[in-house]
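Q: Please take a close look at one chain of the model shown below. I should like a connected account, with the cut-offs stated for the terms used.

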Amino acid sequence: MVRYLARRCLHAFLLLAAVSVATFLLLNLAPGDYFDEARLNPSIAPQTIQALRHAHGLDAAIAVRYARWARAALTGDFGTSVAYGMPAARLLLPRCRNTLLLTTVTLLVTWCLALPLGVWSASIRRGWLDRLSSLAGTSMLAVPDVILAPLLLLAAARSGWLSLGGILLPVVALTAGAFPILLRHVRATMLEVLGEPFVLAARGFGVPRQRLLFHHILPAAANPLISLLGLSAGSLLSSSLLIEVLFGWPGLGPLFLEAVGAHDAPLVLGVVLLSASLLAIANLLADLLLYAADPRIRRTS
Amino acid sequence: MTIRAWILMFFLAALLASGRFAPFDPAEQHRDSAFQAPSRTYLLGTDQYGRDQLSRLLHGARLSLVCAAAATAIALALAILPGTMAGFYGGLLDELLMRGTELFLALPWLYLLLAARATLPLNLPPETTLLVLSAVLGAVGWARPARLLRGLVLSLKDRDFVQAARGFGASDWYLLRVHILPQTMSVLKTQAGLLFPQFVLAEAVLSLLGLGIGEPAPSWGSMLSSLRDLQVLTEYWWMGAPAAALLLVMFLWNFLIVVTSDSTSGT
């Protein structure tokens, strides 16, 4: 168990390190930095810009700068945001907390809705209710976030719910995007297990329907669903960026957008690394859950 | 033939529509008739500068679809060489490529897209932006098809007919060209079918966020960005036209894929 976990953690750490090197290189090789616009301003002396660049350490060699940055980043210091003039970590932390809040609430709501509904719709397969729900799911699947979000905003504005503000609307928007996908997967994996011989045997022994569905079939179908939890984290974070911007939720998304627009390299780096870590953590959690749920994996490792 | 032909015709017409079907210049401003509801002159109404929505939508179709098509081509082109090489030769090359793709898959795609966009200058003329956007989208999207191709080639190179050809003294290049690459075509086609709508949406999202094709050039994404203003969203319903257009394209494209996959599996 410890070895399994240690290997996973090492892998995640190496990946994060590689991501940081790549992003750092790209951002620093890119034409233009934050002070380009200042340079165009005739009322700012070139000496001032030189001094500012020196203060931010922008005039050192790139390897030196990366080493400096990496050493600081390991202690939780992501450098100073050029646009805000304050430590990037202090800007990132509350934003990251908000994004985490939004995504975890969405995950909870989505799974709490999709699991029972998926199990139920698999158990009445080929009935008209099942057909109706999969039709609704498919049509919801076809509406991308970019269109869903304005539609939801419109509905909220019309009905006056917009004044409620807060977390409700972004969660609804994110759930509406993620729910149909999950529902489909739950239904499909359940259907797959429903055809197995042990289900027939259990039914023959007279196991009640509810117990059969939730105690025998669902655990057997859990494996691919848990993997999906890790895999879908990336798309959830991506949708959440868009939704955060559109609904004005103060998460990582709006901050990232601002940082990109302002060529604020330390902040961009910080957000990129944070999002990669969130994804890595989600995958680690999924691995752990898989380990806990599946005795076969425990035995092989 | 018929349905597929109609859908393809639609996409082609959309690509060529600029200037031919558009009743107005997309950048022409009629300041005295801003935010006009659809009428006989302005079939889809006008925006905040009094520009004709229909003309902008038609011109935008070209920008958005060309961008997505170019990005798809770039992504697949970037995927083919490393994917086949890694699968065919294995070893260190394979290891390097797999770690490289992991780097790309380690980030949520929209974060990756914005980060890639952050490395390039923001205020560019529309033509350059179009190029930059397609390049960024393609560079971000190559990892998944490359991994798929690598797996496919890995299994193909040990198949009997490839081994037999090798036994007859065929060169690596011959094997790849004659026996392996043709076998990967269906996967490449499927990938293109999956990537294209993703890239249409990605362009829309980037332009919506103000990082894509900017004013005055119309793209569906930049047109959608006016919906971020709540007043526009609630009072001027015709401004939602690009959203409807996006949905239509998604729907038609999915339908096209279903039709083509049915017809190829039937023969």
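**Chain B and its contact with chain A**

A: In this predicted model, the accessible surface of chain B comes to about 12600 Å², and carbon and sulfur atoms hold 66% of that surface. Accessible areas are computed by the Shrake-Rupley method with a 1.4 Å probe, and for residues only the protein chains shown count as cover. Residues are numbered from 1 along each chain as its sequence is written, while chains are lettered from A and ligands numbered from 1 in the order in which they are written. Local features need pLDDT of at least 70, side-chain atom pairs count only at pLDDT 80 or more, and totals for chains, interfaces and linings use all residues, whereas side-chain values use heavy atoms and leave out hydrogens and water.

Chain B contains eleven helices and zero strands; these are DSSP runs numbered from the N terminus, with H or I and at least four residues for a helix, and E and at least two for a strand. Along the principal axes, its C-alpha atoms fill a box of roughly 75 × 45 × 25 Å. Of the 267 residues in chain B, 48% are buried, meaning under 20% relative accessible area, with exposed over 50% and partly exposed in between (1.4 Å probe, protein chains only). Among contacts in chain B with a separation of 6 or more, 69% join residues 24 or more positions apart, a contact being heavy atoms within 4.5 Å.

As for charge, the mean positions of the 18 positive and 17 negative charges in chain B lie 7 Å apart. Lys and Arg count as positive and Asp and Glu as negative, without His or the chain ends, and each charge is placed at NZ of Lys, CZ of Arg, CG of Asp or CD of Glu.

The contact with chain A draws on 30 residues of chain B and 40 residues of chain A. About 3200 Å² is buried between the two chains, 81% of it from carbon and sulfur atoms; buried area is the accessible area (1.4 Å probe) that two parts lose on being put together, summed over both. B:Leu103, B:Tyr111 and B:Thr119 supply 20% of the area that chain B buries against chain A, more than any other three residues.

Confidence should accompany this picture. The mean pLDDT of chain B is 83, and 95% of its residues reach 70 or more, pLDDT being the predictor's confidence in each residue from 0 to 100. The model scores ipTM 0.83 and pTM 0.85. Where pLDDT is low, predicted coordinates should not be read in detail.
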